Amino acid sequence: MAKTVKNNTLKLKFESSRNLAPAPESKSAAKISERYDLFIDGKFEKPLSKKYFDTINPATEERLAEVAEANAADVNKAVEAARNAYDKTWKKMAPKERAKYIYRVARMVQERAREFAVIETLDGGKPIRESRDFDVPAAANHFFYYAGWADKLEYAFPNRQAQPLGVAGQIIPWNFPLLMAAWKIAPALATGNTVVLKPAETTPLTALKLAEIIQEADLPPGVVNIITGAGATGAAMVDHPDINKIAFTGSTDVGKIIQRAIAGTNKKATLELGGKAANIIFDDAALDQAVEGVVNGIFFNQGHVCCAGSRLYVQESVFKTVVQKLKDRMESLIVGDPMDKNTDIGAINSKQQLEVINTYLSIGQKEGAEMYQSSCSLPKKGFYCRPTIFTNVAQSNRIAQEEIFGPVLTIQSFRTDDEVIEKANNTPYGLSAGVWTDKGSKIFNMTTKLKAGVVWANTYNKFDPTSPFGGYKESGYGREGGLHGLAPYLNLV
Ligand code: NDP
């Protein structure tokens with residue numbers, strides 16, 4: 001990165017990064033079968049539906065494998081296996097013995113980290129650097145962390161008796177497939193529940209790899225069941241009468257369908273839904289660091305992140321400087337082959353999601369906002385989107401109100417703290433926010449007034465298994481992670 005002085009302002013030049021030699025990760029690190037069946041009662045079983053669907057690599061549009069499609073009868077079989085394992089084995093097992101199994105899974109995920117990272121990138125399109133350095137280590141850490149809680153629940157909830165709920169039905173999205181499986185399975189097992197988990201239709205492969213590990217780890221059959229399918233499979237899980245708890249991460253629309261479906265039953269639920277986070281830069285912030293935080297906030301994982309900082313608010317006096325710095329930085333981002341270790345922004349997860357994003361790009365322009373995209377070229381095959389920012393945005397614009405779930409940022413200016421708090425909170429969502437300022441007092445003022453489950457200060461997208469995560473308003477309810485993540489899987493008496 002070179003620095004030049006232009007018009008008395010320090011300008012950062014990044015263009016050399018596009019000239020890096022390719023550094024591809026090898027596909028051979030991953031063993032992917034031609035066909036995957038359903039993982040029920042400790043075995044891979046052919047689906048009663050007799051149906052399979054393809055999972056493809058969104059970076060190349062090539063087929064990776066075919067995967068079983070579970071129907072209601074398959075769901076029933078998985079729930080029966082989970083109930084049986086709960087009654088006969090898991091709930092009776094000493095907590096420290098349960099912990100040993102969870103530790104074993106954690107260690108095996110670590111041992112096979114490279115294979116998991118390659119499969120995650122091939123199946124979902126995220127850069128290998130991210131799956132290698134974030135998704136897989138974070139998933140292993142989650143299993144380690146909750147393994148530690150299994151025999152300490154009496155300390156987590158003093159003077160109360162912690163009882164498991166029974167069978168948990170867990171439905172996860174396509175943006176962090178292995179990590180979401182870990183977020184769901186680890187606390188459920190640590191608290192003594194058994195599990196039926198459904199990964200998203202477009203990204204089933206790392207969950208199925210995890211099923212292989214669970215088999216190798218000798219977890220008692222039926223404690224974890226992993227079934228694949230689309231929305232109908234998820235709906236059959238939600239409707240199954242013998243499931244005690246639904247844990248869902250995904251869109252707000254499906255969250256509402258689930259809430260309606262379980263109303264009047266005694267199923268418990270945690271819903272981790274969408275977001276439209278405000279990332280706020282004050283004029284006293286360290287601007288170069290803040291711009292890095294904005295880039296991480298919106299372009300990490302192609303913007304397929306529920307807590308993505310997708311609305312940027314910049315204090316008026318530094319607005320032009322920040323926008324220019326951001327444009328310069330966007331020019332340096334490498335968009336392309338997710339298997340290349342240099343790549344910053346990989347493939348959009350599916351053709352369908354690319355269409356959603358492109359629709360929002362047209363909506364934004366029709367609404368009168370000014371669109372800027374980096375000048376990079378995109379691969380001919382696969383689903384890709386240039387990093388995009390919109391200026392001249394009104395608070396009421398759809399691009400500023402609705403979750404786009406892509407590498408698309410809206411930018412608005414503000415003058416006072418009160419104004420930006422009002423604007424930041426003016427959304428149906430409340431999952432996360434970011435604040436960039438030199439003043440600790442301003443951080444405390446903002447964090448108490450921003451209606452969001454997580455507020456990051458002078459950083460963004462920082463995750464830790466010990467830290468609770470979850471939303472307000474249409475971003476859902478219940479918390480995952482930390483001590484708070486245990487309670488939704490327990491009856492406390
Ligand atoms: P969905 O909410 O549809 O998918 C999440 C999970 O729910 C998937 O496993 C899905 O199955 C399953 N599902 C779908 N319909 C039902 C149903 N009726 N009952 C039970 N389970 C169901 O998200 P999409 O993949 O359709 O993405 C749409 C939008 O949702 C995105 O553009 C984004 O805005 C948002 N989203 C938010 C996420 C978050 O982390 N908050 C994650 C993913 C998406 P399958 O996908 O296999 O059909």
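These legends go with a set of close-up views of a predicted model.

**View A. Helix 3 and its surroundings.** Helix 3 covers residues 113-124, and at 1.5 Å a residue its 12 residues should span 16 Å; the C-alpha atoms at its ends are 16 Å apart, so expectation and model agree. Most of this helix is covered, with 10 of the 12 residues buried. The buried ones are Glu-115, Phe-116, Ala-117, Val-118, Ile-119, Glu-120, Thr-121, Leu-122, Asp-123 and Gly-124. What do they pack against? Two strands are involved, strand 6 (52-57) and strand 7 (62-68), along with helix 2 (95-111), helix 4 (128-149), helix 6 (177-190) and helix 7 (205-216). Just past the end of helix 3, look for Gly-125, which takes a positive phi of about 90°.

**View B. Helix 3 against helix 7.** Here the two axes are 8 Å apart and the helices pack at an angle of about 150°. An angle over 145 degrees counts as roughly antiparallel, and helix 3 and helix 7 are therefore roughly antiparallel to each other. From helix 3, the contact uses Glu-115, Phe-116, Ile-119, Glu-120 and Asp-123, and from helix 7 it uses Leu-205, Thr-206, Lys-209, Leu-210 and Ile-213. Sorted by class, this contact of helix 3 with helix 7 has five nonpolar residues, one polar and four charged.

**View C. Helix 2 on its own.** For the 17 residues of helix 2, 1.5 Å a residue gives an expected span of 24 Å, and the end C-alpha atoms are 24 Å apart, so the two agree. Buried along this helix are Arg-98, Ala-99, Tyr-101, Ile-102, Val-105, Ala-106, Met-108 and Val-109. Those buried residues pack against helix 3, helix 4, helix 6 and helix 7. Another residue to pick out in helix 2 is Arg-107. Is Arg-107 buried or partly exposed? With a relative accessibility of 41%, Arg-107 counts as partly exposed. Its C-alpha is 9.4 Å from that of Asn-141, although Arg-107 and Asn-141 are 34 residues apart in sequence.

**View D. Helix 2 crossing helix 6.** The axes of these two helices come within 10 Å and cross at roughly 165°. That angle makes helix 2 roughly antiparallel to helix 6. The crossing of the pair is left-handed. Helix 2 brings Arg-98, Ile-102 and Val-109 to the contact, while helix 6 brings Leu-178, Ala-186, Leu-189 and Ala-190. By class, the residues where helix 2 meets helix 6 come out as six nonpolar, no polar and one charged.

**View E. Helix 10 against helix 11.** Helix 10 (residues 287-299) packs on helix 11 (residues 319-332) at an angle of about 60°, and their axes are 10 Å apart. The two are therefore oblique to each other. Helix 10 passes helix 11 in a right-handed crossing. On the helix 10 side, the contact is made by Leu-287, Asp-288, Val-291, Glu-292, Val-294, Val-295 and Phe-299; on the helix 11 side, by Thr-321, Val-322, Lys-325, Leu-326, Arg-329 and Met-330. The contact of helix 10 with helix 11 holds eight nonpolar residues, one polar and four charged.

**View F. Arg-83, a buried arginine.** You'll find Arg-83 in helix 1 (residues 72-88). Arg-83 has a relative accessible area of 17% and is buried, because the cut-off for buried is under 20%. Leaving aside residues up to four places away in sequence, Arg-83 touches Gly-166, Val-167, Thr-194, Asp-242 and Asn-244. Val-195 is 112 residues from Arg-83 in sequence, yet the two are 8.9 Å apart in space, C-alpha to C-alpha.

**View G. Two loop residues with positive phi.** Most residues other than glycine have a negative phi. Asp-41 has a phi near 55° and lies in the loop between strand 4 (38-40) and strand 5 (43-45). Its relative accessibility is 28%, so Asp-41 counts as partly exposed. Gln-302 has a phi near 60° and sits in the loop between helix 10 and strand 15. At 0% relative accessibility, Gln-302 counts as buried.

Conventions
Residues numbered from 1 in each chain as written. Predicted model: local features only at pLDDT ≥ 70, side-chain atom pairs only at ≥ 80, totals over all residues. Heavy atoms only, no water. Helix = DSSP H or I, 4+ residues; strand = E, 2+ residues; numbered from the N terminus. Expected span 1.5 Å × (residues − 1). Buried < 20%, exposed > 50% of the residue type's maximum accessible area, 1.4 Å probe, protein only. Contact = heavy atoms within 4.5 Å. Axes fitted to C-alpha atoms, helices over the stretch in contact; angles between N-to-C directions. Parallel < 35°, antiparallel > 145°, perpendicular 65-115°, else oblique. Left-handed = near helix turned anticlockwise from the far one by under 90°. Nonpolar A, V, L, I, M, F, W, Y, C, P; charged D, E, K, R; others polar.
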